[in-house]
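Grab a coffee and work through these short exercises with the model open beside you. Try each task before reading its solution.

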Amino acid sequence: MTDSWNDLAADRDDNPSVLLFADNAYRSLREAVDLRGRRILDFGCGTGLLSARMAPDASQIVALDPSAAMASRVRAKQLSKVQVRESVLDPQAPMLAEPFDLVVASSALGFVEDVSATLNTIRQLLRPGGTLVHWDWCQTDGAVGPGLIGGG
């Protein structure tokens, strides 16, 4: 799966549907959570579109993606307060040692092998009272569109 995401990274930020999805996700996030001063994990960050939108308000963001090309695109943006890691979700990783106030997963959970294990790991990474917000693409009439399915 990582190789196919590497192939998509180069023009991902030029895709109007992807940009609209990121805008919609960010807008819904702002309606649900106060981002000011939060330590955030952007799980499956892709090219960092959501991280870029959250960075001005966050205290720190760890942008995590297993795709080298996606992580490289985030690094190229030189986002302040954003630490980029090309990695899978590993609770033993040093950059994940401090608990997070918020974990965002934009179209990420559909691509993990074991959703239950991943959710348990995310729960371990969240501080007590922390929040997980996940979005995914909506599908209607067999067509994928830029709408959102969200949850917290």
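**Getting the layout**

The protein chain in this predicted model has 5 helices and 6 strands.

**Exercise 1.** Work out in what order the elements of the protein chain run from the N terminus on.

*Solution.* Start at the N terminus and walk along: the order is α-α-β-α-β-α-β-β-α-β-β. Next, look at the contacts with a separation of 6 or more: 59% of them come from residues 24 or more positions apart.

**Exercise 2.** Find out what share of the 152 residues in the protein chain is buried, and what the chain exposes.

*Solution.* First, the inside: buried residues make up 41% of the 152. Then the outside: the chain exposes about 7800 Å², with carbon and sulfur atoms supplying 50% of that area.

**Exercise 3.** Decide whether Thr47 is buried or exposed.

*Solution.* Begin with its place in the chain: Thr47 sits in the loop between strand 1 (39-43) and helix 3 (49-54). Now check the number: its relative accessible area is 3%. Buried means under 20%, so Thr47 counts as buried. Finally, look across to Arg73: the two residues are 26 apart along the chain, yet their C-alpha atoms are separated by 5.2 Å.

**Exercise 4.** Explain how the buried residues of helix 4 are arranged around its axis.

*Solution.* List them from residues 68-76: Met70, Ala71 and Val74. Looking down the axis of helix 4, you'll see these buried residues fall within an arc of 95 degrees, so they line one face. The general rule helps here: an α-helix has 3.6 residues a turn, so residues three or four places apart point the same way. Last stop, just past helix 4: Gln78 takes a positive phi of about 45 degrees.

Technical notes: Residues numbered from 1 in each chain as written. Predicted model: local features only at pLDDT ≥ 70, side-chain atom pairs only at ≥ 80, totals over all residues. Heavy atoms only, no water. Helix = DSSP H or I, 4+ residues; strand = E, 2+ residues; numbered from the N terminus. Buried < 20%, exposed > 50% of the residue type's maximum accessible area, 1.4 Å probe, protein only. Arc of directions from axis to C-beta. Contact = heavy atoms within 4.5 Å. Areas by Shrake-Rupley, 256 points an atom, 1.4 Å probe, with all protein chains shown as cover.
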